[in-house]
Amino acid sequence: MKKIRNYFDLPDATASDIAGQLAALTRRLERNLESVKRIFAVMSGKGGVGKSFVTANLATVLAREGLAVGVLDADLNGPCMARLLGAERKPLRVTRDDVQPGVGAAGVKVMSMDLLLAAPSAPVEWTGPASDSFVWRGTVEANTLRQFLSDTAWGELDYLILDVAPGTDRISPIHDLLPGLGGVIIVTVPTTLSHYIVGKSLTMARQLDIPIIGYVENMKGYVCPSCESVGPLFQPQGSGFEGVARLGEIPFDPKFGAETDRGRPAVLQRPDSVAGREILKITVAVREYFEERRR
């Protein structure tokens, strides 16, 4: 935790005026996000469905279209967004008032725990009291998300996208910090197990009254590396999630995934590929969703 404390001054849990501190932090967060027009989250509840892959490519397309975009990697313990967006690993510039985010593909601003670690292979380590460690860790993680939102110099953004960690409850602390969250995109793969777990996250979002933008079915088929035809990858499932718009179906393309893994979101190089066209389609749906809300 030492590295994190060098950048972010967490509230003093022993102070008598805890409520006053939290109110001040809330005001700071609100002021810092005044210049952000739209905020939404990408979530799944289940790991391994390609949620971060979808986030990175979606953010890149929005930025390529001339929009100012930021991404907050809310997966504190498995951060990867800086790598997927190709943000250079170097010490973040810290001023008296804020922290300058990293900059990735197409100029996307990114804040990720990965940018605070000493080396690419370094794990995120939380150190604290041995007793009640679970409660303590949850509090520190929530405070860290708050600090990422309130102390990062996001500037004027058209979109701020939050890449949510796996876990059906992980949207709850984000909702607490951002009760006016503009919506969530749900990412799944076409398997019974994925739909089962992701459905729980969908229920959680509904219980919190978070608007559902729609869902993305990732790995919907397999793209042949030689002929680029799309064949089946999983057994066909049902029609999706009742009452939720299907934003797109992205097939698994080994070339596409490999480029993104190297920090070069493949939608920039291969927008006309099958996967690229689906991501462009999802981007259009997201923009239309927010335009409709504005009207």
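**Helix α8, strand β7 and the salt bridges**

The buried residues of α8 pack against four other helices, namely α3 (51–64), α4 (81–84), α9 (266–269) and α10 (274–294). This is a predicted model, so what follows describes a computed structure. Helix α8 itself covers residues 254–261, and its buried members are F256, G257, E259 and T260. Looking down the axis of α8, these buried residues fall within an arc of 160°, so they line one face of the helix. The general geometry helps here: an α-helix has 3.6 residues a turn, so residues three or four places apart point the same way.

Both ends of α8 have something to show. At the N-terminal end, D253 acts as the cap, with a side-chain oxygen 3.0 Å from the backbone nitrogen of K255. After the helix comes G263, which has a positive phi, near 85°.

D253 also turns up in a salt bridge. Its side chain meets that of R270, at 3.0 Å from N to O. D253 sits in the loop between β9 (246–252) and α8, while R270 sits in the loop between α9 and α10, so the pair ties together parts that are 17 residues apart in sequence. Both partners are tucked away from solvent by the numbers: D253 counts as buried at 6% relative accessibility, and R270 counts as buried at 18%, because the cut-off for buried is under 20%.

Across the whole structure, the search turns up 12 salt bridges. One of them joins the side chains of K37 and D158, again N to O, at 3.3 Å. K37 belongs to strand β1 (residues 36–43) and D158 to strand β5 (residues 157–163), so this pair links parts that are 121 residues apart in sequence. Here the two ends are unlike in exposure: K37 is exposed, with a relative accessible area of 62%, whereas D158 is buried, at 13%.

Another salt bridge brings together the side chains of R170 and E141, with an N to O distance of 3.3 Å. R170 is in the loop between β5 and α6 (171–177) and E141 is in helix α5 (residues 133–151), so the bridge ties together parts that are 29 residues apart in sequence. R170 is partly exposed, with a relative accessible area of 33%, and E141 counts as buried, at 9% relative accessibility.

Strand β7 (residues 212–223) is home to Y222, and V216 lies in β7 as well. How buried or exposed is V216? Its relative accessible area is 0%, so V216 is buried. Leaving aside residues up to four places away in sequence, V216 touches V54, I185, I186, V187, T188, L247, G248, I250 and I282. V216 also sits 9.7 Å from S44, C-alpha to C-alpha, although the two are 172 residues apart in sequence.

Y222 is another story. This residue is partly exposed, with a relative accessible area of 31%. Together with L233, F234 and F252, Y222 makes a nonpolar surface patch of about 320 Å².

How values were computed
Residues are numbered from 1 along each chain as its sequence is written. This is a predicted model: local features need pLDDT of at least 70, side-chain atom pairs count only at pLDDT 80 or more; totals for chains, interfaces and linings use all residues. Side-chain values use heavy atoms; hydrogens and water are left out. Buried means under 20% relative accessible area, exposed over 50%, partly exposed in between (1.4 Å probe, protein chains only). Helices (H or I, at least four residues) and strands (E, at least two) are DSSP runs, numbered from the N terminus. The arc is that of the directions from the helix axis to the C-beta atoms. Contact means heavy atoms within 4.5 Å. A polar contact is a pair of N or O atoms within 3.5 Å; within protein, one must be able to donate a hydrogen and the other to accept it, and residues adjacent in sequence count only if both atoms are side-chain atoms. Patches are made of residues with over 30% relative accessible area and no salt bridge: like charges are joined within 9 Å, nonpolar side chains (Val, Leu, Ile, Met, Phe, Trp, Tyr) within 5 Å. Accessible areas come from the Shrake-Rupley method with a 1.4 Å probe; for residues, only the protein chains shown count as cover. A salt bridge is a side-chain nitrogen of Lys or Arg within 4 Å of a carboxyl oxygen of Asp or Glu.
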